[in-house]
Protein chains: 2
Amino acid sequence: MTSLGDKGEGHRETTALLGNEDEGSVQTQTKVLNQGSWTQVSCPCCVSEQVEPLVLIQLSDNIQPVTKRWLISLIEVSERDGGAALLAHPGEDECGDVIVVSAPRCTLLRATEDLGLCKKYHNGDMVAFSYNDRDNFSNVDDMQEFLTLAERQYIVKYELDFLRAQKEQKIPGVPESQGVLKARENICQKLEKVGVIKDIFPLHDKQRLTDLCRNWYSGKQIWGQPLDSIQAYFGGTMGFYFSFLDFYTWALVPPAILGLVLTFLLPGGGSGGGVVKEQAGVMEGVVEVDDSPSVSGHMVQAVFSMLWSTLVMEFWKRRSSSLSHHWGLLHLAERFAEPRPGFHGTLGINPVTGRLEPLFPEWQRQLRVGLVSVPLVGFFLGMVVLGMTGFYHGEALAQGFHQESGSLFSGALLYLPSVAHIIYTNMLGNVYRTVAMQLTEWENHREESSFQNHHTTKVLLFTFFNYFAVLFHIAFYKQDLPLLRKRLASLLIVTQLVNQCTEVVVPFIVDRFFSAPQKKQQEDDPNVDKLRAQRSLPTFPGLFAEYIELLVQFGYLSLFSCVYPLTAVLLLLNNVTEIRADAYKICKLFRKPFSAPVSNIGVWQTAFEVLGFLSVMSNCWLLLLSPRVREFCLEGGISGRNIILFAILVEHVLILVKMILAFMIPDEPDWVRIKREQIEFHSMQALGQQKL
Amino acid sequence: MTSLGDKGEGHRETTALLGNEDEGSVQTQTKVLNQGSWTQVSCPCCVSEQVEPLVLIQLSDNIQPVTKRWLISLIEVSERDGGAALLAHPGEDECGDVIVVSAPRCTLLRATEDLGLCKKYHNGDMVAFSYNDRDNFSNVDDMQEFLTLAERQYIVKYELDFLRAQKEQKIPGVPESQGVLKARENICQKLEKVGVIKDIFPLHDKQRLTDLCRNWYSGKQIWGQPLDSIQAYFGGTMGFYFSFLDFYTWALVPPAILGLVLTFLLPGGGSGGGVVKEQAGVMEGVVEVDDSPSVSGHMVQAVFSMLWSTLVMEFWKRRSSSLSHHWGLLHLAERFAEPRPGFHGTLGINPVTGRLEPLFPEWQRQLRVGLVSVPLVGFFLGMVVLGMTGFYHGEALAQGFHQESGSLFSGALLYLPSVAHIIYTNMLGNVYRTVAMQLTEWENHREESSFQNHHTTKVLLFTFFNYFAVLFHIAFYKQDLPLLRKRLASLLIVTQLVNQCTEVVVPFIVDRFFSAPQKKQQEDDPNVDKLRAQRSLPTFPGLFAEYIELLVQFGYLSLFSCVYPLTAVLLLLNNVTEIRADAYKICKLFRKPFSAPVSNIGVWQTAFEVLGFLSVMSNCWLLLLSPRVREFCLEGGISGRNIILFAILVEHVLILVKMILAFMIPDEPDWVRIKREQIEFHSMQALGQQKL
C-alpha cells in the first residue's frame, strides 16, 4: 500500500490547510485534503469554498494512473454523460491508491428527491423533498444542516452504484482479457470484480464522532441515548437498531419486576413454596423435580408474557412510525427509484415510472421463492434436526459403550458426539450462509430492502432453529421441565458472560493497550492523514448478529420464562451494558458502515411478532407439563384428556385475545396518521390539478 | 295519497311528450314527465333537451305547497348558496306528493371527482376523474355513457344528503314547534324526522331493466351473469354481491366433485365402507354409530377443505381487485369527502383536508368500540348460550317429568322448552338488532363504509352464533358425531327447501297471479305515470340476508363437511337457482335501492376468512372424535393423550400452511398492482411539480 501523508507535496498542502479549521466549528478534522485538488463543479450554485470528503474509494495497490484518471473523470462528469456528477479528489497524489469522493449541492438535492426523503418545509411540516420546490425547504442552502452526514454519504454511494457504461468500452489500464465493459454494465461492480476497487466506505468525521461518543456512552448519559444524533451520524438502519434496543430494554422492566416479585416476595403464596428452593437448586446444580413455580404463579406468568409481548410489539410499531416521521423516512420512494445494483433482467420500459431499466416479472420471482427457496430452507432446517437426532443417538450409544467397557478410551469417546455435532453444526452453518446469500441473489429482488428482508429471513430462521432446537427438544419431546430450567439458566448466564467478554472487555483491552501506541503516534503528528487509521479498521459486520441476539433473548424470555422467572432481570442487566458496548464498538472498532434510509426495522418486526405467537403456544404447553398442574389435576380428579383440552382452549382464547389486542391498538399514533393522510390528500389534489 | 296521472294537466303533458320516446333508444319510459317543468340550470354547459329523472322524493300526503316550493328551490340553487345544485320537477302538478330529481352535468362531474371515481382517460387507462382535466376523459359530454345509472342516482342522493341549513331558519309550512332548522343542521334528515319527506329512492329505468333481465335470468344465459350491466344498473355493492355469488358458486364445483367421489366411487376404499350406508342411514333417519367415513377419507376432506377455503378467498381477493379496477372503484376518496350524514362532533377544521366540518377524535371512537360495544356484544352472545343451556335443561326436565307422569298434559309440556326457546331467541334477536344499530350510531363513524362494516360485524357475529351454537354444542360439548351428521343433513335440506320457497316460488306466484291484474291495467293505459308502480313496491331490505346465507352455507361446508361429504353438491344445486332467484327479486319485487360505490365486499371478506381458520380447528376436532380414528388408535396401541397431541400438532401445522399460502398469493393481480403503482407514482410526481 502506498502510505499516506508521507508524500512531500500532499503533506505540505495538508498542513497549510489546517489553519482554516478553527473558522468553522462544523468543519471536520478529515478536511485535511488539498481543497484545490477537488474536481470542479459545472453548476454555479454548487461552488463552495470547502468541500467535505464523504466517501473513500480504496483502489488496488498497483492501480494504473490512467485507470484512476478515467475513474475520476467518470465520477466527475454529469449524469447526462453517464457520470455520477460527484466531486473526486485523488488523495495525496495522482498515484495514490485512494479516491476521496464528495457531492455537490445539486446532486445531493436531486438524490434526496429520488430517494423520497422528507425534509422540513418552511411551515415546519415534514414534506417529501421536491427539487423544483427546493426554495421552500428550510436550510436548503446549507447541505450540512439540510442532510445528515449519513444521508450525504449514502447519496454518494447511491450515485456510484448506478454508474453504468454508456456503450461497450475498454477500461483503461486493465488487461483487455477482463477489462471490457458491456453496454449498461454496472461499472463499480465490474471494477470490484476485476480488482480495481477494493472497497468503498464512508469516512468518519472525527469532531462529530467525538461529540457523539461523549453524549452516548462515555459521558454521564445513563438513562437515554442521543437517538437523533445516532441517526444523523450513522443513518437509518443504525438509528432504528439503537431505538429498538432502547425501547426493548425499557420494556424489560415490567417482566423483571414481576420476576422479582414471583421469586422473592411471593415464595410462600398459594402452593408456590418451591420457587426460592428452585433458584437455590439451579445455582447449586441440584434440581428437584417438584421445585416448579405454583400453578397460579405459572398462570400469571403465561398470561403476562402473552400480554407483554403483544403490547411491546404494538407500541414499538407506534414508536417506530413516529421516529420514521421525525427522521423524514416515512415516504421512501425505493419502489420508484433505480433497481438495486445486483438486479438484472431484460431491458425494457418500467410500466410504472416509464424509465428504461432491467425488468424481471414478479411472478417469476415468486415462483423462485416458493418452489426453490422455501423447500431448500426447509431441507437445511431438516438437516439441523437430523444433526440433533444424530447427536442424541450418538450420545446414548457412547454412554452405553462407556458403561459396558468403562475404559479410558470409552471415556474419551463420550466427548465424540458433542465434538462431531459442533463440527457438523458449524459446517452446516457455513454452507447455509453461502446458499442463503446465493439463493437471495438468484431470487433477483428489485429493491434493496426486499433483498435484505428475504436474506435476513433465511438466515434468521436457520439461526433461530439452531439456538432453540435443543430447548424445544427438551420441552416438547423429552418433556423434562427441570432439565429445561437448568439449561435455560446456564444458557442465560453463559451467553451473557460470553457476550460481555466479546463485546465489552476484549474491545476495551484492544483499544486501551494495543491501539494506544498508534494513537500516541497520531497525536505527535496530528496532521498525518487520518484516512490511514480508518483504512486499517475492519469492515462493520452488519446488524444481523445484534438483532439475533435480541431475538434469542426475547425467545428465552417469552417462550420459556415461566420456568425461570428471573430471566427478565438477567436480560435487563445485560442490555444496559449491551447498549454501551454496541455504541463503543460501532464508534471505535470498525469502519463506518453505509446505512440506507429505512422506515422501520423490517423483517425483525415480524420475527418478534411471530415469536409472540409461538410464546403463547409454548407457555400453554409448559403449563400443561408443570408437575404442579398435574398434582392439581390429580387432587381435583380431572382427567388428563380434559386438562389437555382445557389447555388447548386456553391457548386458542389467548391467541384470539392477542390478535384482537394487536388489531385494536393502531399501528401509528394519531398525529402520524393525520400527517400521512394530509400528504395523501395533497398528492391526490395535485394529481387532479396538474393536468390543467 | 294524491293519485298520479289522474290530474288533467299533468296527464295531458305526459301523453303529449310520449311521441319523443322513439327518437332516442336509450331514453327511458319514465321520461313521461313534462320536460318544461324542470327547474332551470344556471350553467350553460349543463343545458340539455332531455332531462333524465333519477330520484324520487316521496313527500307526505298533506304537504303544503309552500314547503314543496321551498324544498324545490333548495334542491335547485347552487352549492355556494347552500343548495344541492340539482334539477327538480314537481311531479304531475304543484300540489302532488312527489318531487322528481335529476342532476346537471357540472354537478355530476364535480361529485365524480369528490367520490374519487375512476373513469376512462383518453389513453384508455382508468384514471381518477379530475374536473379540471375533464376534457381528456372519454365520453365526458354524454353523462349517460360517462357515469352509470347507479352512479348518477347515487350522486343525487349524495348531494341531497349534504344539504345543510346555512343559518337558523324556519321550515315554511311546518308548525314552528318542530320546524326550526339549526345552523348547519342536515336538512333531509330533519325533514324525514318531521315527516315532510317519507322516502327518497332511485327510479327504475324500464328499458334498461328489461334488457338487463333478458341478459340475466329470463334469457338463455346459463353459465354467466352480465356483471358489468348489473354493476352499471344497480351499483357497486350489488355488483360485488353478484360477482361474489358467481365466483363462490363456481368454487363449489371442486368440493362437490370430491364429495361425489368420496361418497359413490370410493365407498369401499380403505376402511371407508360405511359411507354409502351412512347416506342411506341419514335418509331413513336411522343412524348407526360406526357409519362414519374412513380415516383417510376424513383426512383428505379436512386437508382439502383447508386448502380450498384458503384458495377461494385468496383468488376472490384477486378477482375483487380486478373488478374494482375495471369498474373504476379502486381509488375511492371517502376518507377525504364529507362525513356521512349521521356523523356529529364539534365543528372544526379537518386537519387533513382543511375543510370546516364536525370532528370527532379517533381515540374516543376506539374507546367506545373497545369498552362498550365489545362487552355488550359479548353479553348478548352470552345470552344466546344461556338460552341454549336453558333449553337443554328445560328439555331434560320436561322429559323427566313426562317419563314420570306420562299424562297428556306432560306430553304437551314436552313442547314447552322448544316454544320458549324460539320466543326467547326471537325477542333477543329483535332487541339485539336495535342495540346493534344504536351502538354503531353512537360509535359515530365518519365514513359510511366504516359504519356499515361495524354494524354488519355486530349483526353477523350474533346471527352466526345463533345459527351455529347448536351445531357447535353437538360437536364440541356432546361430542355426538352421528347426531351432528343428522342435524347437518336436515338443516341443509330444510334450509334449502325453505329458501327456494321464499325466494323463488312465492315471489313467482305473487308476480304471476296477484300482480297480473294491475299489470294488465297498466298495459291498457301505458301512459299512466309509471312512478306509481314503483312507489307501491316495498323497500329493498339490503344484502345482509343474502350474504349471511352464503356465509352460513360456507360454514356448513367448511366447518362440518367432513361428516357429510355431499354438502357441497347440495349447495351447488341451491346456488345455481339462488342466483336467478336473487336476480328476479331485486329486479321485480322491490324498489330500486341506492348503492354506494365500494371497492370490495367489505367485512364479509374477513368473515369468510375467519371461517376458514375456524374450519381448520373444527375439522381437526371432528377428526379426533371420529369413531374410525378411535378404532384406529386402539388397534395401533396409541394412547389417547398422544392422539390428542398429534391432532393439535396437525391443526397448528395446517394453520401455518394456510397462513403461508395466503401470504404467498398476492392479493391483486400483477396488472392491477402496476396500474395502482402508476397512479401512486404520478401523484407523487404531481405533488413535487405542483409547487413550481
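Here are a few friendly notes on a predicted model, covering a sheet, two helices that lie across it and one buried threonine.

1. **The sheet.** Start with the open sheet of four strands in chain A, whose order is E2-E3-E1-E8 with antiparallel pairing. Its edge strands are E2 (87–89) and E8 (197–202) of chain A, and each of them pairs on one side only. On average, neighbouring strands of this sheet are turned by 20° against each other, direction ignored. As background, strands of a sheet pair through backbone hydrogen bonds, either parallel or antiparallel.

2. **One strand pair.** Next, look at E2(A) and strand E3 (residues 98–102) of chain A, which run antiparallel and are joined by three bridges. Which residue in E3(A) is the bridge partner of His89(A)? You will find that it is Val100(A).

3. **Helices across the sheet.** Helix H2 (residues 65–76) of chain A lies across E1 (55–59), E2, E3 and E8 of chain A, and runs at about 5° to E3(A). Helix H5 (residues 149–161) of chain A lies across E1, E3 and E8 of chain A, running at about 45° to E1(A).

4. **A threonine to look at.** Now move along to helix H9 (residues 236–251) of chain A, where Thr249(A) is found. Is Thr249(A) buried or exposed? Thr249(A) counts as buried because its relative accessible area is 7%, and buried means under 20%. Its side chain reaches the backbone oxygen of Leu245(A) at 2.6 Å. Leaving aside residues up to four places away in sequence, Thr249(A) touches Leu572(A), Asn575(A), Val576(A) and Ile579(A).

Terms used:
Residues numbered from 1 in each chain as written. Chains lettered and ligands numbered in written order. Predicted model: local features only at pLDDT ≥ 70, side-chain atom pairs only at ≥ 80, totals over all residues. Heavy atoms only, no water. Pairing = 2+ DSSP bridges. Axes fitted to C-alpha atoms, helices over the stretch in contact; angles between N-to-C directions. Contact = heavy atoms within 4.5 Å. Buried < 20%, exposed > 50% of the residue type's maximum accessible area, 1.4 Å probe, protein only. Polar contact = N/O pair within 3.5 Å; in protein donor to acceptor, adjacent residues only side chain to side chain.
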